[in-house]
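The following account leads through a predicted two-chain model, beginning with a single residue and then moving to helices and to the contact between chains. Please keep the sequence and the coordinates at hand while reading.

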Amino acid sequence: MLDDFMVRATLAGVGVAFAAAPLGCFVVWRRMAYFGDATAHAAMLGVALSLAMQMSIFLGAVMVALAMAATVNLLTGRGYAMDTVLGVLAHSALAFGLVAVSFLSGIRIDLMAYLFGDLLAVSRGDLLVIWGGAALVVALIASRWQALLTATLNEELAYSSGLDPRREQLILTLSLAITVAVAIKVVGVLLIAAMLIIPAAAARSLARTPESMAIFAAAIGGISAVAGLRAAYAFDTPAGPSIVCVAASLFAGFGILGWCRRHGM
Amino acid sequence: MRRPGRVMSLINVENLSVRYGANTVLRHVGLTVEPGEIVTIVGPNGSGKTSLFRAIIGATEPAAGRVTLKPGLRIGYVPQRLHIDPTLPITVGRFMRLGDRVRRQDCVTALDAAGVPDMLKRQMSQLSGGQFQRVLLARALIARPEILLLDEATQGLDQPGSAAFYRQIETVRAETGCAVLMISHELHVVMSASDRVVCLNGHVCCEGTPAVVASAPEYRALFGTGTGGALALYRHDHDHDHSHDHMHGQEAAE
């Protein structure tokens with residue numbers, strides 16, 4: 001079954017969607033959308049470094065994403081606004097990554113594969129990394145769910161319940177870095193934030209509790225991956241962007257549905 | 001001081017200083033809260049009230065001094081504002097179960113005690129300001145706290161609303177015996193309900209029963225013209241409560 005490239009691609013897409021769903025909810029609730037975007041852009045530098053040092057792209061991307069998060073935390077509150085710091089770091093890292101890749105003369109690299117993903121070329125080894133990473137992210141978030149939720153609602157509330165919001169922030173940052181690293185192959189660094197945010201945002205109008213929003217987001221992400229791949233196959237379109245297009249259509253559909261329901265139509 | 005060595009203080013703040021960068025917001029602050037008492041912190045804006053709270057719950061590292069909590073102290077915290085992002089769907093029932101292993105029956109009991117029954121299925125975003133604050137109070141009560149911390153908990157409520165809220169606090173204290181430490185601007189309302197008032201302005205300016213603090217020159221210097229009205233209301237409230245007045249007199253004499 002895993003011999004079929006479409007099956008592998010579908011499994012990879014669904015794996016990323018599952019990890020991105022609960023994490024994406026927190027990204028939306030905490031208004032970290034730009035932070036997720038920046039982490040993903042910075043991963044390009046990680047890709048370049050991994051290729052240069054001939055190590056796993058997953059590791060390189062995780063490390064650069066974490067370094068990026070640490071730098072952001074260091075620089076904010078020192079005279080620069082968060083979005084300025086993110087804008088500077090994200091695009092510099094992306095640019096340096098692209099330039100660095102061009103220096104790697106010995107290796108022939110398809111840049112597009114890293115920018116927009118190369119879902120149809122997913123190997124069994126990639127699948128293992130993607131599902132391993134996704135399982136790790138889901139386990140991390142599930143085990144700290146109550147604490148993450150409390151810290152998201154109110155910092156002081158978290159402290160008074162004996163929690164440390166900084167630790168919860170760290171868990172989210174770590175999850176984000178892992179998700180970005182496993183998603184590069186699937187949607188590429190430019191569209192990772194879309195996989196985080198769009199399914200979660202689409203799930204909002206359906207959900208009454210945080211948990212149901214995460215589950216709806218996972219379902220919407222999974223459906224987008226499956227339907228997007230089928231569309232890509234049928235119409236010969238790029239796989240990653242097709243998945244995001246389906247997710248965006250679902251977002252629009254559920255949004256209109258929710259609006260009609262609220263207005264009694 | 002009043003119960004020497006018998007019961008451990010719930011909160012003991014010694015010589016606390018808090019700094020943000022070069023800015024010292026609290027200097028050598030001392031404060032204790034005993035089981036069952038209602039203590040109110042008053043002070044102008046920027047007097048360090050919220051910093052003191054943050055230091056007590058461990059959200060701010062003291063620059064000097066220390067904060068000792070009774071080991072295993074159960075704190076019920078009611079924040080000043082709780083902004084729930086519109087993208088976060090959450091029902092009252094789910095909000096109440098934020099802690100570990102909260103039973104449904106406890107939610108119902110706590111909502112009743114806070115004066116907002118039958119709200120479990122409502123979305124938090126659909127509550128009025130008063131209902132929202134009462135749900136926050138209910139959530140704080142659910143873990144059967146030994147002390148309630150209220151940080152300007154009635155901000156955004158109208159006068160009758162906040163008066164009703166503080167009556168609810170007194171009822172809760174009477175029923176559960178928990179101590180209350182609160183910050184408030186509404187001097188006349190909270191002072192009449194307090195056992196002890198601490199007037200803060202970067203340091204503790206004065207401290208004592210409401211009557212003692214209200215007549216202290218430091219307090220009058222801080223609150224100026226507004227004090228007359230607050231004091232009048234305070235006295236009015238207690239005209240009819242002789243035993244209460246008497247108790248205050250005793251404590252003031254200590």
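Is Asp118(B) buried or exposed? Asp118(B) is exposed, because 10 other C-beta atoms lie within 10 Å; a residue counts as exposed with 12 or fewer other C-beta atoms within 10 Å of its own, as buried with 20 or more, and as partly exposed in between, the C-beta atoms being placed from the backbone. Asp118(B) belongs to the loop between H3 and H4 of chain B, where helices (H or I, at least four residues) and strands (E, at least two) are DSSP runs numbered from the N terminus. The phi of Asp118(B) is near 55°, a positive value in a residue other than glycine. Most residues other than glycine have a negative phi.

Two conventions apply throughout. Residues are numbered from 1 along each chain as its sequence is written, while chains are lettered from A and ligands numbered from 1 in the order in which they are written. The model is predicted, so that local features need pLDDT of at least 70 and side-chain atom pairs count only at pLDDT 80 or more, whereas totals for chains, interfaces and linings use all residues.

Chain B, in which Asp118(B) lies, has a secondary structure of 10 helices and nine strands. Of its 254 residues, 40% count as buried. Two residues are in contact if their C-beta atoms, placed from the backbone, lie within 7 Å. Among the contacts in chain B with a separation of 6 or more, 69% come from residues 24 or more positions apart.

Helix H4 of chain B covers residues 129–141. The expected span of a helix is 1.5 Å times one less than its number of residues; for the 13 residues of H4(B) this gives 18 Å, which agrees with the 19 Å between the end C-alpha atoms. Because 10 of its 13 residues are buried, H4(B) is largely enclosed by the rest of the structure. The buried residues include Phe132(B), Val135(B) and Leu136(B), and also Arg134(B) and Arg139(B). They pack against strands S5 (75–78) and S6 (147–151) and against helices H2 (92–96), H3 (104–113) and H5 (159–176) of chain B.

Helix H1 of chain B is likewise mostly covered, with seven of its nine residues buried. Lys49(B), Leu52(B) and Phe53(B) are among them. Just after H1(B), Gly58(B) takes a positive phi of about 90°.

H1(B) also leads to the contact between the chains, since H1 (49–57) and S5 of chain B are the elements that give two or more residues to the side of chain B that touches chain A. The contact takes 21 residues from chain B and 20 residues from chain A. By class, the side of chain B has 12 nonpolar, five polar and four charged residues; Ala, Val, Leu, Ile, Met, Phe, Trp, Tyr, Cys and Pro count as nonpolar, Asp, Glu, Lys and Arg as charged, and the others, Gly among them, as polar.Chain A has a mean pLDDT of 90, and 97% of its residues reach 70 or more; pLDDT is the predictor's confidence in each residue, from 0 to 100. Among the elements of chain A, helix H5 (residues 111–116) has the lowest mean pLDDT, 84, and helix H11 (residues 210–235) the highest, 96.

Within chain A, the axes of helix H1 (residues 5–29) and helix H10 (residues 192–204) come within 7 Å and cross at roughly 70°. Axes are lines fitted to C-alpha atoms, for helices over the stretch in contact, and angles run from 0 to 180 degrees between N-to-C directions. H1(A) and H10(A) are therefore roughly perpendicular to each other, as angles of 65 to 115 degrees are classed, with under 35 roughly parallel, over 145 roughly antiparallel and the rest oblique. Residues of H1(A), including Val16(A), Ala20(A) and Gly24(A), meet residues of H10(A), including Met195(A), Leu196(A) and Pro199(A). By class, this contact has 14 nonpolar, one polar and no charged residues.

Three further residues of chain A may be examined individually. Gly97(A), found in helix H4 (residues 82–103) of chain A, counts as buried, with 23 C-beta neighbours inside 10 Å. Leaving aside neighbours within four places in sequence, Gly97(A) is in contact with Met44(A), Leu45(A), Val47(A) and Ala48(A). Cys245(A), which lies in helix H12 of chain A, is partly exposed, with 19 other C-beta atoms within 10 Å. Asp236(A) is found in the loop between H11 and helix H12 (239–262) of chain A and is exposed, with 7 other C-beta atoms within 10 Å. Asp236(A) has a positive phi of about 55° although it is not a glycine.
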